[in-house]
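Here is a short tour of a ligand site and of two backbone positions that deserve a second look. Keep the structure open while you read.

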Amino acid sequence: MPQPRPSPPRSVIGSLVVIAAVVGGTAAAFGYTAGWFSPDRITPNRMVDAFGPDTDARLGHRRNHAKGLCFTGSFEASGAGAALSRAQMMAQGSYPVVGRLNLGVTDPVATDASARVRGMSLQVRTPDGGEWRSAMIDLPFFPVSTPQAFYGLMQASASKDPGAMPAFAAAHPELGNFGAWAKTAPWTGSFAEERYNSINSFVFTDASGRNSTVRWSMQPEATPMPIPHEELERRDASFLEGEIRQRLASGPVRWRMTVTVANPGDPTADPSKAWPEDRRTVEAGTLVLSAVQAEADGPCREINYDPTVLPDGMRTSDDPFPAARSAAYAKSFDRRTAESGHYPRTAAVGARP
Ligand code: HEM
């Protein structure tokens, strides 16, 4: 008869219980993050899925702001921004930039005239190893107040139910401001004539440890020339790329970086609310765009312009968007890099006429 096995000592049982709890807890945490336990939970995957089905044309491309082109240049810091942030890119000097001009579309071959929203993404690197990434748009404010509402907006706009959008708009009156902007804001014929805004707020910390909550904008040196939308519709599908290449033939294109400081009580957590016009501003420097490159082969192709990648002296604020954006951009990045075979390096699909 086999000998009964001696019982394990109490300390071993205790360790096993702890390990089981840790393993079980970790699995539960993964399950929770993946949304297995709560069908209504918004996960990064669901957020990215909400931009629409992965059609063949989209494979390998960004799941939003899918059409764009890369650029290189520099950020010429005036030094004035050092009053707000100790980040090296705010100290007077010239720092290399890899950026991306893009359109707020989910289809990489959408026509330029179909995109109401244009974007600019930047990566600035400094000799101390600091890195600043930003993805801005030419809207003055975001259409909705929270990431959850943005998800709801995408679902409502994709819904076959004719009542979905009116119901969403009734529940989110801030959307009316976007509707008014989209109807009345002039269209221009150039990426160079747009003002690009951070929309989200961030916290800058100066050398003495003082914090300021800020938003920033890239203000064009070029004068915006309004063009009727019907006229843009008659231009070729990628007229914006052609225009910026032509403009660059006569020299670099510039924007001034303006940092706006919130007053106490300003809505720092709600990007659908613009701050009053009279807020303190600091001219931090000039963005110089010197050359553009097709995205397929360009230096921005593999950059994830995650707005939470910030140098020492800058951090996220109480605005919930950057964290939600970071999670969604990572998912989109994972998908598009895994599908890179569908987006050949030598064919500039995004720039097809
Ligand atoms: C929760 C809200 C948001 C979600 C889920 C979202 C989602 C996305 C995704 C999935 C991408 C593609 C990322 C990649 O593949 O690298 C993207 C790109 C972009 N988004 Fe957002 N976004 C959000 C809010 C915003 C806001 C508030 C702005 C405006 C400041 C913005 C501006 C941009 C721009 C300019 C790009 C292009 C970035 C690039 O050039 O790589 N997004 N967004």
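## Around the ligand

The shell of residues around the ligand divides into 16 nonpolar, 9 polar and 5 charged. This is a predicted model, so please read what follows in that light. In total, 30 residues surround the ligand, and the closest are Arg 62, His 65, Gly 119, Ser 121 and Ser 332. Two or more shell residues come from each of α2 (44-49), β2 (93-103), β3 (118-125), β4 (131-137), α3 (147-158) and α8 (321-338). Which element gives the largest share of the shell? That is α8, with 8 residues.

The UniProt record, an unreviewed entry, lists residues 58-336 as "domain: Catalase core". In the model, 22% of the span 58-336 is helix and 28% is strand, and its end C-alpha atoms lie 9 Å apart.

## Two positive phi angles

His 65, already met beside the ligand, has a positive phi although it is not a glycine. Ile 199, also not a glycine, has a positive phi too. The table puts their values and places side by side.

| Residue | Phi | Place |
|---|---|---|
| His 65 | about 50 degrees | loop between α2 and β1 (67-77) |
| Ile 199 | about 65 degrees | loop between β5 (196-197) and β6 (202-205) |

Are these two residues buried or exposed? His 65 has 26 other C-beta atoms within 10 Å, and therefore counts as buried. Ile 199 is buried as well, because 21 other C-beta atoms lie within 10 Å. The cut-off for a buried residue is 20 or more such atoms.

Methods. Residues numbered from 1 in each chain as written. Predicted model: local features only at pLDDT ≥ 70, side-chain atom pairs only at ≥ 80, totals over all residues. Near = placed C-beta within 6 Å. Helix = DSSP H or I, 4+ residues; strand = E, 2+ residues; numbered from the N terminus. Nonpolar A, V, L, I, M, F, W, Y, C, P; charged D, E, K, R; others polar. UniProt positions renumbered as here; feature names shortened; annotations may be inferred. Buried ≥ 20, exposed ≤ 12 C-beta atoms within 10 Å, placed from the backbone.
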